[in-house]
Each structure stands twice: as structure tokens, then as C-alpha cells.
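Please look over the structure below before reading on. The points that follow are meant for someone meeting it for the first time.

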Amino acid sequence: VLLLLNIVVPFIYGVFLMIAVRLKLSIGSGYLYGPLFYLAVLNLIPFSSYYATLNTIVSSFIATFLLKFQILGYIPWCFFNVNSVLLTSKWFELIGPSVVAVVLLLTVYLARCSPKLLGQIQQSPLQAMCLLMFVLFWSLASTAISVITPVYLSGVEGARVHLQPDLAYLSGGHIPLWIVSVIILLVLYSIVFILTFSLFLNLNRFKPVLDKFQSCYKDSYRWYGGVYFIVWTILQILILTSSYQMFHTSVIILTVTHCLLQPYCKKWLNLIDGFLLGSLSITSSFALFDVTAYISKNDNLSNVIVYMSVMVPLCLITLGIVSIVLIRFGLISKVKGFVNN
């Protein structure tokens, strides 16, 4: 039953996005960068037991928007001969994004073979397709990087599997999972490379798709489209290697860089991303106190700050999602008409 849910829910999620997302904005998918990056980085921060309730709320958001159903990964299945529960869970983490990828490919196929039929559902599917690409990156890259990252233990010869240190690196069930993860990363970071260096590549054929990712930026900052993906990768590696102070420092550097460059062509996008990045800086500085000793464990004021620095952005993201759905289906105009009558 849980395996079925892990397939059906992402499929419904992908189809819903294809139908619901259609905003006539000149900025393409730029309004998605900040919120999805915020959630992806928030997912990396290891909240301690002092924030159990907050951790549950964050996990719910991550499962909803980034398809990280980690709780389902502890159910063993017989398709692969994996030697540990943790490694098996990574196969489950690949199911949801894979289903979304199928929805994306079906949409591309439908757009090429029957554009009239697709037009009845979604007149301009590019925006929704870009959103699905965002979700796929954060979901798949997170899993793949955690799989290929080795760990070296004191007194133990050779590299070990980071997810299961009692296993030697590239041994047993880790091998097939490692191969799949490397293939996934090669595909994902090929796209990141294109987004970052598209100005130096002859990609006129793909310009409509690139514009959806880059039109939100000023002409001189179109390369900024790959920055969030690259920085998130660095942050993921820092967390896996327990470099918490470097993690916090990197978030602050990104926040300051954003405030100085103001890369978006719309002021409100710069403000939104600046606020989200500032919130991440506050959250990381306080929530990582177990290893960085930034605050006292009994500091109630600090706990309140952490909750506020997370809940306020999550509420704003929720409000934005609700607004998108209301605008898409014309419910706002209907409500205004009802109120006026």
C-alpha cells in the first residue's frame, strides 16, 4: 500500500502542476527560484530534538513540494539485493521523482504529437514543465549526492559508505545504487552547466526553455540561473561532511552576494529572495547549536527565533501557492464579484 502511494501521489502531483500552473508573467519561472531553494536548503539543516514539532512541519512541506517521502524508504522490497535498510530507503526516494519525470516526458510527447489536445489542458505548458524540472533537481540530486559521498573513519582502512559506514565503499548493494546516482547527477548537472554558461553556447533552438529559467534576471546576470543549484550542492556536501560552520558561512555569503548584486529584473523578486536567504541565515545560526555552540540549549528566546525564522517564510510560501491556484482558476475574480454583489 505504501509503495502504491509513493507512485500514485507523485503522479497526481505532477499532473496537478501541469494543469494548475499557468501565470502570464514575463519573468518566466523566476518566482520559483527563491522558495524552492529555501525549502531545499531547509531540508539540509539537521534540527535537534528541541525542535521536534518544527521538524515535523518542515518534513511535511518537503514531502509536499520536493517529494521527499523518506518515511516510506524504510519498507524493504525484493527488487534489489540491498544489504541495508538505509540503502534500500534510497531506492524509495528515487520513486517519486521518477514518476514526476514520467509525467514530464509524457507532457513533452503530448506537446509534440497532439498539441491541440494538450492545449485543452494547458495552453502554455513550459512554465509547469520548468517547475517540474526544479522539483526533479532538488529531489534527485539530494538522494544521489548522499549515495556517492564516501566517509573515512579513523582506524578503518579505505572509504566507507556514508549512509552505512559498516559497508565498504562500492561493495554489495551500494554498487547498483551508486551507478544510478552517478547517471542521475551527470544528467542534472549537464542542465546546470547549460543554465550557467548558456551565453557562451549556441543554444538558439532551446531559447524558449532557457528564457523560462533566465528571463527573470537582468541581462548581465542571466548566468545566475545556475548559482542556486551550485550553492545548494556545496551546502549538501558540507552537511554530509559535518562542516556546519562552513555551511552557515556559505549561507551568509550567498545572502550578502544576493543583496549586493540584486540579480533579478523585478525588485519584488530581489526582496523575496533576500528575505528567504536572510531567514536561512538566522535559522542556520541558531538551529545548529548542537555542533557549533552558538547558543545555550536552554535559551527559550533563541528557540522562538528559530521557529519564527522558519514559520514566517513557510506561511508566505503557502500564501503564494494558494494565490497561484486562485489566479489560475479565476477564483479571485469570482470572489470579488461575489463580494461586490
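**Notes on the model**

1. Isoleucine 194 is partly exposed, with a relative accessible area of 32%. The residue belongs to helix α7, which covers residues 174-197, and it takes part in a nonpolar surface patch of about 690 Å². The other members of that patch are Phe193, Phe197, Leu199, Phe200, Leu201 and Trp223. As this is a predicted model, these values should be read as computed from it.

2. For orientation, the protein has 341 residues, of which 48% count as buried, and its secondary structure comes to 14 helices and two strands. Among the contacts with a separation of 6 or more, 74% are made by residues 24 or more positions apart. The accessible surface comes to about 17100 Å², and carbon and sulfur atoms account for 70% of that surface.

3. Is serine 284 buried or exposed? With a relative accessible area of 0%, serine 284 is buried, because the cut-off for that class is under 20%. Serine 284 sits in helix α11, which runs over residues 267-287, and its side chain makes a polar contact of 2.8 Å with the side chain of histidine 248. A polar atom of the same serine 284 side chain lies 3.1 Å from the backbone oxygen of serine 281. Leaving aside residues up to four places away in sequence, serine 284 touches Ile45, Phe247, His248 and Val251, so that His248 appears both as a touching residue and as a polar partner of this buried serine.

4. Serine 250 is placed in helix α10, residues 244-261, and it counts as buried because its relative accessibility is 17%. The side chain of serine 250 reaches the backbone oxygen of methionine 246 at 2.8 Å. When residues up to four places away in sequence are not counted, serine 250 touches Leu235 and Leu238. Its C-alpha is also 8.6 Å from the C-alpha of isoleucine 234, a residue 16 positions away in sequence.

5. How many disulfides does the model contain? The count comes to zero. For cysteine 216, the closest cysteine sulfur is that of cysteine 265, and the two sulfurs are 6.7 Å apart, which is too far for a bond because a disulfide requires the sulfur atoms to be within 2.5 Å. Cysteine 216 is buried, with a relative accessible area of 0%, whereas cysteine 315 counts as partly exposed at 48% relative accessibility.

6. Two loop residues deserve a look at their backbone angles. Leucine 170, although not a glycine, has a positive phi of about 55°; it lies in the loop between β2, residues 160-161, and α7, and it is partly exposed with a relative accessible area of 37%. Serine 242 is likewise not a glycine and has a positive phi of about 60°. Serine 242 is found in the loop between α9, residues 227-240, and α10, and at 45% relative accessibility serine 242 counts as partly exposed.

Key
Residues are numbered from 1 along each chain as its sequence is written. This is a predicted model: local features need pLDDT of at least 70, side-chain atom pairs count only at pLDDT 80 or more; totals for chains, interfaces and linings use all residues. Side-chain values use heavy atoms; hydrogens and water are left out. Helices (H or I, at least four residues) and strands (E, at least two) are DSSP runs, numbered from the N terminus. Buried means under 20% relative accessible area, exposed over 50%, partly exposed in between (1.4 Å probe, protein chains only). A polar contact is a pair of N or O atoms within 3.5 Å; within protein, one must be able to donate a hydrogen and the other to accept it, and residues adjacent in sequence count only if both atoms are side-chain atoms. Contact means heavy atoms within 4.5 Å. Patches are made of residues with over 30% relative accessible area and no salt bridge: like charges are joined within 9 Å, nonpolar side chains (Val, Leu, Ile, Met, Phe, Trp, Tyr) within 5 Å. Accessible areas come from the Shrake-Rupley method with a 1.4 Å probe; for residues, only the protein chains shown count as cover. A salt bridge is a side-chain nitrogen of Lys or Arg within 4 Å of a carboxyl oxygen of Asp or Glu.
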